[in-house]
Amino acid sequence: MRRNADLIFTMSKPGRRCADLPPMDVPETTLSDRFQRKEALPLPEIAEVDLLRHYMELSRRANGVDNLFYPLGSCTMKYNPRINEDLAALPGFTDIHPLQPEHTVKGALEVLHLLETYLCEVTGMDKITLQPAAGAHGEWTGLNLIKAYHAHNQDFARTKILVPDSAHGTNPASAAMAGFDIVSVPSNPDGSVDTNALRELADEQTAGLMLTNPNTLGLFEKNIVELAEIVHEAGGLLYYDGANFNAIMGLVRPGDMGFDIIHLNLHKTFSTPHGGGGPGSGPVGCKEFLAAFLPAPVVTEKDGDIVFDDDRPESIGKVKAFYGNFLVCVKALSYILNLGGDGLKNASEMAVLNANYMMEKLKSMYTLPYAGPCMHEFVLSAEQLKKETTVSALDVAKGLLDYGIHPPTIYFPLIVHEALMIEPTETESKETLDEAIAALSEIYQTAKENPAFLHEAPISTVIRRVDEVGAARNPVLKYDHR
Amino acid sequence: MARYVPHTEDEVKTMLEEIGYSDLEELFRPIPQQVRLKTSLRIPNGLSEWEAANAVKEMAAKNTVFPVVLRGAGAYKHFIPSVVKHIASREEFLTAYTPYQPEISQGILQSIFEYQTMICDLTGMDTSNASVYDGATAAAEAMKMCVDKKRHIAMIAETIHPQMKKVLETYARCADIKILYIPEKDGVIDLAFLESNITKETACVFVQQPNFYGQLEDTAKIGEIAHSTDAKYILSCNPISLALLNSPGEVGADIAVGEGQPLGMPLSFGGPYLGFLACKKALVRKMPGRIVGQTTDLDGKPSYVLTLQAREQHIRREKAGSSICSNQALCALTASAYLAAMGPIGLTETAKLCFQKAHYFAAELTKIGFVSPFKGEFFHEFVTSCPSDSGKVLKALEEAGILGGLPLSNDLAGHILWCVTEVVTKEQMDQAIRIIKGVMA
C-alpha cells in the first residue's frame, strides 16, 4: 500500500469517533442562546487507528537526533537521554496543579531549588530564575534586569545595548523588545570583539553589552577580561548569552569572566529535547546585586523549608504564568544528576574535541575564515567554493540531506559569507564524525565535477526543494474546508 | 568517560594526535588562565542511571497527586486519550529542531499546518501561528500587535487571570504601553466604564472569556464598543469552552489567544503549556513567531515550509516585533492530536460535561449555604462564599484526596473559586459536599 501524507482533514467522515467520554451523570441545565456557538466546528472525525497511522506517517517525514547526525551550529543537538523522559513523565510531576498548597508540592520545589543550585554553580552566578520558557525569553528577561538596575539607580540615560555584529538575531530583537536602542560593535579580523571600538562606544548611555562566549564563530573571546572592564567602567552591565554554554562547563564560568547576568538554554546544553521547536527553557541567572529584580516568585530556603517567595517589591514582575516549563526542568536536573560535575566537564571537553577534529579535517576544502582552535563549534565558508564552482552553502547543505546528515546552520553568523556553522556535540562518535567528513569531502568533489547535481539536491527526500518565495507571496496558512 | 559520550580513551588520544594536539588542555589555550576554573565544580560526581532515577523518583513521591481536582484557575485537569501521549512521544518529533530544512521536516511542518487550521476552526480566526510560550505571553504578544504610534493604551479587563495581568504589565512596561484596567462590576467588566473611557488612543480592548471568576462576559457587546473607535479586540479564551461558547470570530474579535493546556497537556505544575494566538487576515504580518505555509516543491508536489519569515528576529533583528524563536511546538502537536482524537463530537461532549457538572456542583453548594456573589452565567468555574472557615473546608477536602477550589484574596477574601471538569463524577462531588457539611456541623 502506498503511504501518503494527506492532510488529516481529508480523512474525516461525519460521525466517526476516536475518544469516548465518561457518561453524563448529573441533571442538565441550559446555557443562554446568546452565548452559544453557532459556527460549525470542522475538527477531524477519525478512528483511533487512522489517527495513529496519520501521525506515524508524519513522523516518518520528520527527523530528530534519534534519526541522524545533527551538527546544526548554535543549537547543540546532543543526544537526549531517555531516562530524563521517563522521570519527567512520573505522575508525581505531571499530575500536580501549579496552585496546589505548597506543603503538597515539596518534591517539585526541591527539583526547582536543586536545579537552581547546580546551575548557579556551573555558571558562577548567585541566583537563578527558571521562569523564562526559552532562550529568547530568557534574553528579554535578563535585559529587563539591566533596565531595572539602572532605573533603581535613577540612571535613566542608559538606553543603549551594545551587541557584537556576530551576535544571534535574538540578541538585538530581545534588547529592542525590552525598550533599548541597539548599537552594533564591530569584530576584529580574527573574529573577536574589537576592544578599541568597544571602548569608543561604551559611554554614559550604555546600559550593557550582550555577548556570547565562545562567540558565534566558535571562538573564545580572549580579551574577555578587558571587555568586561571596559563595560563596567562605563557603568554598563555584562550579559552572557548561554547559547554556546556547552563549550565551557567546568572549564570557565561566566560569573568569573565578569558577566553579571546569563541565560541558559536547557534544551541545548542540558540535553532536554527540542520537540521540533520547543518547549525549551531559558533560565536566567544573575549576581547577588541584581537578585531583587528577578521575576517573582523565586524559590528560596526559609527555616529549613524550600518555599516560593512572592513578596518581591523590586521584581521586574512576571514573565510567564506560574514557574516556567517545569517538566523541562525535571529533565535537566536528571541530566545533571546522571553526569555529575565531572561528567559536565567531560561533556564540554569532548564537544570541543569533536569540533576541532572536524574543523581540522575540513579546512583544506572549505575555507576557514578564522583560525582555531575553536571551541564547541566552528564556521566554514563556501564563498571560495561558490566562486569556483557556483555551489553555494545552501547547495552544500542540501547535498548533505542525501547523505542522511542534518545540515549545519547556514548563512550565519552574518559576518561570514556563505557560512556553514558546524556543531557536532560530544555525544557523536569518531565514526559518525568521519562519515560526515567523508560526506562533505564528496560534496566538495562533486561541486568541482558536477555542480549542477548539487543545485538539484536533495534527490532522496520525500520532497525536493520548495518554493519559498511563492509561499510568502501567496500565503496559504490553513486548510480550506470547502 | 562520562555517560552518553562514546569516545574511548584511545580514541581521544588518536583524535588529538590526528589534529596535532598533545592533550585536551591544549584545546583550551584560548581561555585566559586568569579566568579558568581551577577547582572542580561543586556538583556531586555522576550517579548511575539507577541511582539518579531513584533520587528524582523520591522527589516526585514527595508531591501529592490529588485523585479529585476541583481547582482550575488557569490549569485544568482533563481526560487525555492515551493515543495523544503516544503520538507526542514519537522520537522523530521529540528530538527534532525547528524545521529549518523542509525536505526532511515535512512531518513536523504538516503537523503545524494542521494545528494552525484547527486553532482557526476553534476560534473563527483566519490565521494562527505555530504557538507561543503560554496563554499569558500570548496575551502580551497580542497586545503588542495592536500598538502603534497613535495608539498606545491597552484597555485590559480587571477580570482576567491575575498572573496574566502581571505578565501583561511586564511586557507593557518594556514597550511603553499604558494599561488602563476596565473595572469589575458584578463579576464581569463594567461596560459603562469601557464605553466612556475608550478613545482614539485605545490600541486594544482585552477580555478573557470565561473570565477569571468563571463568569461569561458580554463578548458581543464588548466587541461593538471596541470597534466604535477602531480599537482592536482581543479575546483570551478557554479552548475547550469554544465547543460550546461563541467563537471569538462570531463576536468580532480581531485576535484570539489563550492557554492551550486543556488540549491534552497534563497539569505539570504549570508547564510546559501552550500559548495559542490567531488573528484576522489584516493582522497576519504583525503576528509573532513561526508560521507554516503550504507551497509546492520543484516537482509541483504539495509541501509545507516556514513562511513570512521577514517578520522574524533572524531576518529583522532589532526591528522584529518579537524575539521569540523556540516556542512550544511539541505542545502544539499534542493539542492537534488531542483535537483530532476528540473530534467535534468529543470536544462538544467534553465541554457539555464540564458545564453540566459544574452547574450541578454549584447547585449542591448553594443548598448548603455557599452563595455565589455573582449572578451571571458561567462555564465550568464559579465563585462561592464559604459560610465556614475556608481553610478548614479545603483542609478537610485535602485529607480525602480532593483538591478543593482556590481560596481568593482581596475583595473576595473568604471566597472560593471552584472548577469542575469531565473527570469529576457525581459521586465525587456528593462526597465533597458531605465532607464540607461535616466541617460545618
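# A guided tour of a predicted complex

Start by selecting chain B: of its 441 residues, 66% are buried. Keep in mind that you are looking at a predicted model. The predictor gives the complex an ipTM of 0.98 and a pTM of 0.98. For chain B, the mean pLDDT is 96, with 100% of the residues at 70 or more.

**Stop 1: chain B as a whole**

Switch to a cartoon view of chain B, and you can look for 14 helices and 16 strands. Turn the chain around: its C-alpha trace spans about 80 × 55 × 50 Å along the principal axes. Now think about which parts of the sequence meet. Taking the contacts in chain B between residues at least 6 apart in sequence, 70% join residues at least 24 apart.

**Stop 2: Glu259(B)**

Select residues 255–259 of chain B, which form strand S9, and pick out Glu259(B) there. Is Glu259(B) buried or exposed? Glu259(B) is buried, and yet it has no salt bridge. Its nearest side chain of opposite charge belongs to Lys320(A), 6.2 Å away. A salt bridge needs the nitrogen and oxygen within 4 Å.

What does the side chain of Glu259(B) reach instead? Show the backbone nitrogen of Gly135(B), which the Glu259(B) side chain reaches at 2.9 Å. Then show the backbone nitrogen of Leu274(B), reached by that side chain at 3.1 Å. To see more of the surroundings, display the residues that Glu259(B) touches beyond four places in sequence, among them Gly74(B), Cys237(B), Pro239(B), Tyr273(B) and Phe276(B).

**Stop 3: Glu11(B)**

Go to helix H1 of chain B, residues 9–18, and select Glu11(B). Glu11(B) is buried and has no salt bridge; Lys430(A), the nearest side chain of opposite charge, is 6.2 Å away. Setting aside neighbours within four places in sequence, Glu11(B) is in contact with Lys430(A), Glu431(A) and Pro6(B).

**Stop 4: charged pairs**

Side chains of opposite charge can pair when their charged atoms come close. How many salt bridges are there over all chains? The count comes to 42.

Try Asp256(A) and Arg253(A), whose side chains meet in a salt bridge at 2.9 Å, N to O. Asp256(A) counts as partly exposed because its relative accessibility is 34%. Arg253(A), at 13%, counts as buried. Next, add Glu121(A) and Arg42(B) to your selection: together with Arg253(A) and Asp256(A), they are linked in a network of salt bridges.

Two further pairs are worth a click. In chain A, the side chains of Asp309(A) and Arg312(A) meet in a salt bridge at 3.5 Å, N to O, and Asp309(A) counts as partly exposed at 22% relative accessibility. In chain B, Arg311(B) and Glu312(B) form a salt bridge between their side chains, at 3.5 Å, N to O. Both Arg311(B) and Glu312(B) are buried.

**Stop 5: helix H4 of chain A**

Finish by selecting residues 106–123 of chain A, which make up helix H4. How far apart are the C-alpha atoms at its ends? They are 26 Å apart, and this agrees with the span expected for 18 residues at 1.5 Å a residue, which is 26 Å. H4(A) is mostly covered, with 14 of its 18 residues buried. Step one residue past the helix to Gly124(A), which follows H4(A) and has a positive phi, near 75°.

Methods. Residues numbered from 1 in each chain as written. Chains lettered and ligands numbered in written order. Heavy atoms only, no water. Helix = DSSP H or I, 4+ residues; strand = E, 2+ residues; numbered from the N terminus. Expected span 1.5 Å × (residues − 1). Buried < 20%, exposed > 50% of the residue type's maximum accessible area, 1.4 Å probe, protein only. pLDDT = per-residue confidence, 0-100. Lys, Arg positive; Asp, Glu negative; His and termini not counted. Polar contact = N/O pair within 3.5 Å; in protein donor to acceptor, adjacent residues only side chain to side chain. Contact = heavy atoms within 4.5 Å.
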